[in-house]
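Dear colleague,

I am handing over the structure we spoke about, and my notes on what was found in it follow below. Please read them with the coordinates open, and tell me if anything looks unclear.

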Amino acid sequence: MSILLAMVMVFSFSCASIEANAYTSKYMSKTAKKNINKYVKSMKIVAQKNKSGKNKTYKIKKIKTKYVVLLFGRTGCSLTMNTLKTAEKLRKKGKSIKVVFLDVDRYDSGLYYLRKKYPKVITSLNYPYNNRHMWTLLRYAGYYRRNVTLPATFVLNKKHKIKYWSYSQDTYGLKAALK
C-alpha cells in the first residue's frame with residue numbers, strides 16, 4: 001500500500017503545474033502599462049559594432065516588426081540562451097519578430113559567438129545602461145525583489161506597447177505571446 005501511495009505522490013508532483021514567472025499585459029495595471037510603454041519609447045539601444053566597426057544606436061519605435069522581444073541576460077546563462085533560441089526559431093518560421101539581446105554584464109566574451117550564430121539579433125553590451133533598463137522595466141511591471149533569475153523578457157507589439165513580460169525562462173509564455 002505504501003509503495004502505491006508513494007507512486008501516486010511522485011506522479012502527482014511530476015504533473016503538478018509549475019509557477020509561471022510570466023505575465024500578459026491584461027494582468028498589469030494601467031499605470032504599469034503606461035510607464036513601461038513610455039519608458040520603452042525613450043530607450044536607446046547601443047548595438048555592438050557591425051562590419052564597419054561602428055556601434056549603431058536604435059530606438060525601439062524605429063523597429064518595424066509585429067513584435068519586438070527585449071531579452072535581458074548573459075550569454076553564459078542557459079535559460080537566457082534557450083529563450084533566445086525559442087524566439088529565433090519562431091522568427092525563422094516566418095513570424096515578424098525582432099529580437100534584441102541586451103547583455104547585463106560589464107563584459108561578455110560570448111557575444112561574438114552569439115552574433116555569429118544569430119546574425120539577425122541586435123546585440124547590445126552597454127554596461128551599466130542595459131542593467132538599468134532591465135531593472136526599470138521590472139519595477140514598472142511590479143517586480144520588487146532584489147534579485148532576478150535571468151532572462152528578463154519583454155514582448156512589445158507592433159505599436160511598441162507591452163504585451164508580455166517574464167523573468168526566468170518561460171518559453172511557453174513567449175510562444176503564446178508571439179502568436
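**The R74–D105 salt bridge**

With a relative accessibility of 19%, D105 counts as buried, the cut-off for that class being under 20%. Please keep in mind throughout that this is a predicted model. The partner of D105 is R74, and the two side chains meet in a salt bridge with an N to O distance of 2.8 Å. R74, by contrast, is partly exposed, its relative accessible area being 32%. Because R74 sits in the loop between β4 and α3 (78–92), while D105 sits in the loop between β5 (97–103) and α4 (111–117), the pair ties together parts that are 31 residues apart in sequence. As a general matter, side chains of opposite charge can pair when their charged atoms come close.

The structure holds two salt bridges, and the other one joins E88 to R91, with the closest N and O atoms 3.0 Å apart. These residues are three apart in helix α3, which means that about one helical turn separates E88 from R91. Both E88 and R91 are buried.

**The chain as a whole**

The chain contains six helices and eight strands, and along the sequence they follow the pattern α-β-α-β-β-β-α-β-α-β-α-β-β-α. Of the 179 residues in the chain, 44% are buried. The accessible surface of the chain comes to about 11000 Å², and 55% of that belongs to carbon and sulfur atoms. If one takes the contacts in the chain between residues at least 6 apart in sequence, 62% of them join residues at least 24 apart.

**Strand β4 and its neighbours**

How many of the seven residues of β4 are buried? Seven of the seven are, so the strand is largely enclosed by the rest of the structure. In a regular strand the side chains alternate between the two faces of the sheet. Both faces of β4 are covered, with Y67, V69, L71 and G73 buried on one side and V68, L70 and F72 buried on the other.

Two strands pair with β4 in what I looked at. β4 and β5 run parallel and are joined by seven bridges, and within this pairing V69 has V99 of β5 as its bridge partner. Between these two strands the chain passes through α3, and the resulting β-α-β crossover is right-handed. β7, in turn, pairs with β4 in the antiparallel sense over five bridges, and there the bridge partner of V69 is V155.

**Aromatic pairs**

A search of the whole structure finds six aromatic pairs. In one of them, the rings of Y39 and Y140 have centres 6.0 Å apart and planes at 65°, so the pair is edge-to-face, the class that applies to planes over 60 degrees apart. This pair links distant parts of the chain, since Y39 belongs to helix α2 (residues 30–42) and Y140 to helix α5 (residues 129–141), 101 residues apart. Y39 counts as buried at 18% relative accessibility, whereas Y140 is partly exposed, with a relative accessible area of 32%.

Another of the pairs brings us back to β4: the rings of F72 and F154 have their centres 6.1 Å apart and their planes at 85°, so this pair is edge-to-face as well. Here too distant parts of the chain are linked, with F72 in strand β4 (residues 67–73) and F154 in strand β7 (residues 152–156), 82 residues apart. F72 is buried, with a relative accessible area of 0%, and F154 is buried at 1%. Both rings belong to one aromatic cluster, formed by F72, W135, Y143, F154, W165 and Y167.

**Helix α6**

One last residue deserves a line of its own. Y172 is found in helix α6 (residues 171–177). Is Y172 buried or exposed? Y172 is exposed, with a relative accessible area of 68%. Its C-alpha atom is separated by 9.3 Å from that of T86, a residue 86 positions away along the chain.

With best regards

Key
Residues are numbered from 1 along each chain as its sequence is written. This is a predicted model: local features need pLDDT of at least 70, side-chain atom pairs count only at pLDDT 80 or more; totals for chains, interfaces and linings use all residues. Side-chain values use heavy atoms; hydrogens and water are left out. Helices (H or I, at least four residues) and strands (E, at least two) are DSSP runs, numbered from the N terminus. Buried means under 20% relative accessible area, exposed over 50%, partly exposed in between (1.4 Å probe, protein chains only). Contact means heavy atoms within 4.5 Å. Accessible areas come from the Shrake-Rupley method with a 1.4 Å probe; for residues, only the protein chains shown count as cover. Rings of Phe, Tyr and Trp (its six-membered ring) pair if their centres lie within 6.5 Å; planes under 30 degrees apart count as stacked, over 60 as edge-to-face and the rest as tilted. A salt bridge is a side-chain nitrogen of Lys or Arg within 4 Å of a carboxyl oxygen of Asp or Glu. Two strands pair if DSSP finds at least two bridges between them. A crossover is right-handed if, with the strands pointing away from the viewer, the path from the first strand over the helix to the second runs clockwise.
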